[in-house]
Amino acid sequence: MIHAESELGANGKENSFKSDFLNRMHPSHQIQKLFDYVPGTSFFMKDEQSRMVSVSQSIVDRFGCEHEDEVIGRDDYDFFPAHIADSFVRDDQQVIRTGEPMIDRVEIWYTEQRLLDWFVTTKLPVNDKQGSVIGIMGVIRSYEGHRKTALPYSQISGVVEHIRENHRGRITVVELAQRANLSTRQLHRKFMDVFGMSVQDFLMKTRMQAACDELIHANTSIIDIADQLGFCDQSAFTQQFRKHIGVTPSRFRRQHRLS
């Protein structure tokens, strides 16, 4: 929520002018409406329990609702599979706990059409008048729009597409670097610049989301999923799955087949 307080000092007159204007504003979140006219960008605000306080119309539409009132007070678990909502809420709570913003976090998951859906999220803490964190606010941008502003992307676009199309096989970083005509160190730097993660993490995250999709929607055995995703054995797959998702593949499948 927007609120204003008079700030004294060298800029006292200027800050008083700002405060006076903001105090005249209607308490509804008028600024969020601006995002309805920014293509590919959505706004949201949540309380300290990650419940929706305010969202732009694009999020209302994405959730299959007609009015914002249908979203307010609900959380990500009402709209996303639990393993996806877990990730969103975990990030929310990190911002609330630390008071530190989370900038340009690249999120990746599979849609029901089995296509990768990517977006970029920025989350900032929301403070009350005493300075305590009472929630978060943020924006979600389409990844396609974001990447156009990331100049290093052009040098690794072929690598990204190769990972997206071939993540079910064995891929090495050396092979990816050769594809981009870069050294492995340069490739790492480019991925950090664009995605905020290493090429290894990008590949692993892509595989983990593919694994989640397979475990929920198919009857493929876990050992076959491990083999299809390029792991040397089921043990290595289970170790990485537990690290990134928080549970073993078999437990994940049981939980989400019953839910």
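This passage describes the fold elements, open spaces and charged pairs of a predicted model.

The chain holds 11 helices and five strands. Of its 259 residues, 44% are buried. Among the contacts with a separation of 6 or more, 50% join residues that are 24 or more positions apart. Half of this set of contacts, then, comes from residues at least that far from each other along the chain.

It is convenient to begin with the empty space in the model. Rolling a probe the size of a water molecule over the atoms shows where such space is left. The largest pocket holds about 610 Å³. It is lined by 25 residues, and those closest to its centre are S87, R90, R105, K205 and H244. Four elements give two or more residues each to this lining: helix α3 (82-98), strand β3 (102-110), helix α8 (199-217) and helix α10 (234-245). Of these, α3 makes the greatest contribution, with eight residues. Sorted by class, the pocket lining has 10 nonpolar, nine charged and six polar residues.

Alongside this open pocket, the search for enclosed space returned one cavity of 30 Å³ or more. The volume of this cavity is about 200 Å³. Its lining comprises 15 residues, with F44, K46, D76, F88 and I140 closest to the centre. Two or more lining residues come from each of β1 (41-47), α2 (57-62), α3 and β4 (116-127). Strand β4 supplies the largest share, namely three residues. Eight of the cavity-lining residues are nonpolar, six are charged and one is polar. Helix α3 is thus worth a second look in the viewer, as it appears among the contributors to the pocket lining and also among those to the cavity lining.

Two of the residues closest to the cavity centre, K46 and D76, also lead into the next topic, the charged pairs. The model contains nine salt bridges. In one of them, the side chains of K46 and D76 meet at 2.6 Å, N to O. This pair links distant parts of the chain, since K46 belongs to strand β1 while D76 sits in the loop between α2 and α3, 30 residues apart. Both partners are buried: D76 has a relative accessibility of 3%, and K46 has one of 6%. Each value falls under the 20% cut-off for a buried residue. The pair also takes part in something wider, as K46, D76, D92 and K123 are linked in a network of salt bridges.

A further salt bridge joins the side chains of D47 and R51, at 2.7 Å, N to O. Here the two partners fall into separate classes of exposure. D47 counts as buried because its relative accessibility is 12%, under the 20% limit. R51, in contrast, is partly exposed at 32%, a value between the limits of 20% and 50%.

The side chains of D91 and R105 form another salt bridge, at 3.3 Å, N to O. D91 lies in helix α3 and R105 in strand β3, so this pair ties together parts that are 14 residues apart in sequence. With a relative accessibility of 5%, D91 is buried, whereas R105 is partly exposed at 30%. R105 has been met already, as one of the residues closest to the centre of the largest pocket.

The cysteines were considered next. A disulfide is a covalent bond between the sulfur atoms of two cysteines. The model has zero disulfides. Two cysteines illustrate opposite surroundings: C212 is buried, with a relative accessible area of 1%, while C232 is exposed, at 64%. The first value is under the 20% cut-off for burial and the second is over the 50% cut-off for exposure.

Finally, one loop residue can be placed in its setting. S198 is found in the loop between α7 (184-195) and α8. Although it sits in a loop, S198 is buried, with a relative accessible area of 9%. Leaving aside residues up to four places away in sequence, S198 touches H188, F191 and M192.

Note on methods:
Residues are numbered from 1 along each chain as its sequence is written. This is a predicted model: local features need pLDDT of at least 70, side-chain atom pairs count only at pLDDT 80 or more; totals for chains, interfaces and linings use all residues. Side-chain values use heavy atoms; hydrogens and water are left out. On a 1 Å grid over the protein atoms alone, a cavity is a set of points where a 1.4 Å probe fits but cannot get out, and a pocket is an open set with protein on both sides within 12 Å along at least five of seven lines; lining residues have an atom within 4 Å of a point. Grid points are joined across faces, edges and corners, and a volume is the space filled by probe spheres set on the points. Ala, Val, Leu, Ile, Met, Phe, Trp, Tyr, Cys and Pro count as nonpolar, Asp, Glu, Lys and Arg as charged, and the others, Gly among them, as polar. A disulfide is a pair of cysteine sulfur atoms within 2.5 Å. Buried means under 20% relative accessible area, exposed over 50%, partly exposed in between (1.4 Å probe, protein chains only). A salt bridge is a side-chain nitrogen of Lys or Arg within 4 Å of a carboxyl oxygen of Asp or Glu. Contact means heavy atoms within 4.5 Å.
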